[in-house]
Structures are given as structure tokens and as C-alpha cells.
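Grab your viewer and let's work through a few short exercises. Each one has a task, then a solution you can follow step by step.

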Amino acid sequence: RAGAVFSSLVTVGAAVGGIIGGWLVDKIGRKLSLMMCAVPYVAGFTLIIAAQNVWMLYGGRVLTGVASGVTSLVVPVYISETAHPKVRGFLGSTVQLMVVTGIMGAYVGGMFLSWYWLAVLCSLPPTV
């Protein structure tokens, strides 16, 4: 049961992040919204890495879910507004390809790494 709760928290966070993302895009714009997504990603992975109890793990999963929700909303909008019309469709479809490639990479990494080192590895892209 605890594993199911842990797994579902990213989805719950993403639902909240989608709502926050719409508001954020209107208030601060697309580019700054994308840049600000690094904050909950890094905070979430930091909580997971430094977890001393299950509630810290849960909090980290929710924060990374919120960031994922905002990102999932903002990236297609940003691409559609900034890309040249000749490549807009290609770039728009590439977003989903990169999402599933990242998920697959996390699954593959999970086969070889402990949860701690997987969290460290996943924290690198938003940190850079």
C-alpha cells in the first residue's frame, strides 16, 4: 500500500502543477515559468536525497510532480510561440518523445542504482 501511495504522489503533484502552470504563465510568462520549474525539481530531489523519514520522500515526490505538471503545460506553449513555423510541428512532437525517453532512462537507471543514487542522478539536469 505504501508503494502505491508513493508512486501516485507524482501524479497528484502534476495535477496541481498543471493548474499552477496556467496561472504562472499568465503572471510571469513562458520563459520565466520554465526557468522557475527548476526550483521545485531541485527542492523535491533534495528532499528525496536527504530523506530521514517517509514524509520527506512523499514531499519530494509531490514537489517533483508539481514541477512536472508546470513543465508539461509550459513547454508546448513556449515551443509553439517561439519556433519557426517550418519546424514547429516537429519540435512540438519531440517534447513527448523526450518525456518518454526520460521515463525509460529512469526505469533503466532504477535497475542498476539504489533509489538514493537514482535521485542524485535525476537531480542533475534541473540543477545544471
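**Exercise 1.** Work out whether Arg30 is buried, partly exposed or exposed, then find its charged partner.

Solution. Start with the accessibility: Arg30 sits at 25% relative accessibility. Buried would need under 20% and exposed over 50%, so Arg30 counts as partly exposed. Next, the partner: the side chain of Arg30 forms a salt bridge with Glu81, at 2.8 Å from N to O. This bridge ties together distant parts of the chain, with Arg30 in helix H2 (residues 30-36) and Glu81 in helix H4 (residues 54-82), 51 residues apart. Glu81 has 48% relative accessibility, so Glu81 counts as partly exposed too. Finally, searching the whole structure turns up one salt bridge.

**Exercise 2.** Decide how far you'd trust this predicted model.

Solution. First take the chain average, a pLDDT of 92, with 100% of the residues scoring at least 70. Then go by element: helix H1 (residues 2-28) has the lowest confidence, at a mean of 91, while helix H3 (residues 38-49) has the highest, at 95.

**Exercise 3.** Find which elements give two or more residues to the nonpolar surface patch.

Solution. List some members: the patch covers about 1100 Å² and includes Met104, Phe112, Trp115 and Trp117. Now map them: helix H5 (88-112) and helix H6 (115-127) are the elements that give two or more residues. Trp115, for one, lies in H6. Helix H6 gives the largest share, five residues.

How values were computed
Residues numbered from 1 in each chain as written. Predicted model: local features only at pLDDT ≥ 70, side-chain atom pairs only at ≥ 80, totals over all residues. Heavy atoms only, no water. pLDDT = per-residue confidence, 0-100. Helix = DSSP H or I, 4+ residues; strand = E, 2+ residues; numbered from the N terminus. Patch = residues over 30% accessible without salt bridge, like charges linked within 9 Å, V, L, I, M, F, W, Y side chains within 5 Å. Areas by Shrake-Rupley, 256 points an atom, 1.4 Å probe, with all protein chains shown as cover. Salt bridge = Lys/Arg side-chain N within 4 Å of Asp/Glu carboxyl O. Buried < 20%, exposed > 50% of the residue type's maximum accessible area, 1.4 Å probe, protein only.
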